[in-house]
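Here's a quick briefing on one pocket and a handful of charged contacts. Have a look at the model first, then run through the notes below.

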Amino acid sequence: MKPFSAKSRYSGLGLIKNALSYHENWQRAWRSPEPKPDYDVVIVGGGGHGLATAYYLAKVHGITNVAVVEKGYLGGGNTARNTTIIRSNYLWDEAAHLYEFAMKMWENLSQELNFNVMFSQRGVLNLGHTLQDMRDIERRVNANRLNGIDSFALTTSEVQEIVPLLNCSPSSRYPVLGASWQPRAGVARHDAVAWGYARGADALGVDLIQQAEVTGIRRRNGAVEGVETTRGFIGARKVACVASGNSGALAAMAGLRLPIESRPLQALVSEPLRPCLDTVVMSNAVHGYISQSDKGDLVIGAGADSYNGYGQRGSFHVIEHTLQAICELFPMFSRVRMNRQWGGIVDTCPDACPVISKTPVQGLYFNCGWGTGGFKSTPGSGYVFADTVANDRPHPLAEAFTIDRFYSGALIDEHGAAGVAH
């Protein structure tokens, strides 16, 4: 056995010392500063997208006089309320380019942040249950490959080889005729993404201000002046709103109306199991998808509720339908007990694609409308939005996602193409 090094002995003594002091002397991952009177940029929303925006503003553009204001705690909104699926196999060029840009950033994100975000490229299957599903899959796979994205159309036997537990019987309720397969896709640890960006932004001088709900956006002569919060007024030359399901309410504070609807999106996790599912399985037809986390629990997602609202519990009938479908696809899971269920608030545009845009109010920007696909875009979204805010013009990858498309009619209909945008 090798002797302990001085460093390992020091680390062990440090752990004992901090344990005895109830960890009161541990260095904090980020500061908790009081708000300054004004900033160059105030970012509203301390989730993954907002924290990533702050990080890239500071690192890439040298804008460090930045505050992130969050009404709760960092990463406590939709970042903590999603099923962590990451993929880039979208149909339309504009969406595919943006999500593939994000995918490439995911592949190096742990090194970039010096923080393990636990990105696991275990692959994602999108099942086809009808002949029309398979035609759509073939079309999307071909479009992906033309855009340089790894994507394959699989037969039933190939799907069964990847997921032996899947019920591929021709007499099943949802017969599996094949699937699309993206090997580079996968999942990541949602909390770690928020923590990594928060720590990185703080180290670059960004102020992370929690428990500061924005109650108003102050304007004068058509330009933004700052935000009213529960911790007082904070002045800003630019305000960037990245508040997920509450974007419509924030826009109304500035006298704007966005073409988005907010709805609950539900998910649940099971008791821990031994490793049995090493990929992500999605079924657009039944609006259900499932993966197994590193802790062993099954992470199951449903579709968004059919009504608008800001509830974070959702409706039982949606969960019931989703579990019925999952048990049809995986009969073995019918005896597994569920541990907890929750809902997140997603804001969705008519074409199921985001808004990354300047607004008619000078110095006011919005990044919203990601619907059910926001988590997978986190690094790419933060990067292009930071560029848009810093330079007061759309990043090339964001040009197709400005508010203007709802006037021109140049929509990017991923919802119509895929039926679901998880």
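**Pocket and salt bridges at a glance**

Sort the lining of the second largest pocket by residue type and you get seven nonpolar, eight polar and eight charged residues. Keep in mind that this is a predicted model. Beyond the pocket, the salt-bridge count comes to 18, and a few of those pairs get a closer look here.

**The second largest pocket**

- The space in this pocket comes to about 480 Å³.
- Its lining is made up of 23 residues.
- If you want to find the centre, head for Arg189, His190, Ser293, Lys295 and Val299, which are the lining residues nearest to it.
- One helix shows up among the elements that give at least two residues each to the lining: α7 (190-203).
- Strands β14 (288-292), β15 (297-304) and β16 (338-348) each put in at least two residues as well.

**Lys59 and Glu112: helix to helix**

- Lys59 pairs up with Glu112 in a salt bridge, with 2.7 Å between the closest N and O atoms.
- This one links distant parts of the chain, as Lys59 sits in helix α2 (residues 48-61) and Glu112 in helix α4 (residues 109-113), 53 residues apart.
- How accessible are the two partners? Lys59 has a relative accessible area of 44%, which makes it partly exposed, and Glu112 is partly exposed too, at 32%.

**Arg263 and Glu261**

- Here the side chains meet in a salt bridge at 3.0 Å, N to O.
- Arg263 is partly exposed, with 27% relative accessibility.
- Glu261 also counts as partly exposed, at 37%.

**Lys358 and Asp392: strand to loop**

- The side chains of Lys358 and Asp392 form a salt bridge, 3.6 Å from N to O.
- Lys358 belongs to strand β17 (residues 355-358), while Asp392 is in the loop between α10 (378-391) and α11 (405-408), so this salt bridge ties together parts that lie 34 residues apart in sequence.
- Lys358 comes out at 33% relative accessible area, so it's partly exposed.
- Asp392, at 24%, is partly exposed as well: the buried class is for values under 20%.

**A shared network**

- Which residues are joined into one network by salt bridges that share partners? They are Glu100, Glu107, Asp150 and Arg184.

Methods. Residues are numbered from 1 along each chain as its sequence is written. This is a predicted model: local features need pLDDT of at least 70, side-chain atom pairs count only at pLDDT 80 or more; totals for chains, interfaces and linings use all residues. Side-chain values use heavy atoms; hydrogens and water are left out. On a 1 Å grid over the protein atoms alone, a cavity is a set of points where a 1.4 Å probe fits but cannot get out, and a pocket is an open set with protein on both sides within 12 Å along at least five of seven lines; lining residues have an atom within 4 Å of a point. Grid points are joined across faces, edges and corners, and a volume is the space filled by probe spheres set on the points. Helices (H or I, at least four residues) and strands (E, at least two) are DSSP runs, numbered from the N terminus. Ala, Val, Leu, Ile, Met, Phe, Trp, Tyr, Cys and Pro count as nonpolar, Asp, Glu, Lys and Arg as charged, and the others, Gly among them, as polar. A salt bridge is a side-chain nitrogen of Lys or Arg within 4 Å of a carboxyl oxygen of Asp or Glu. Buried means under 20% relative accessible area, exposed over 50%, partly exposed in between (1.4 Å probe, protein chains only).
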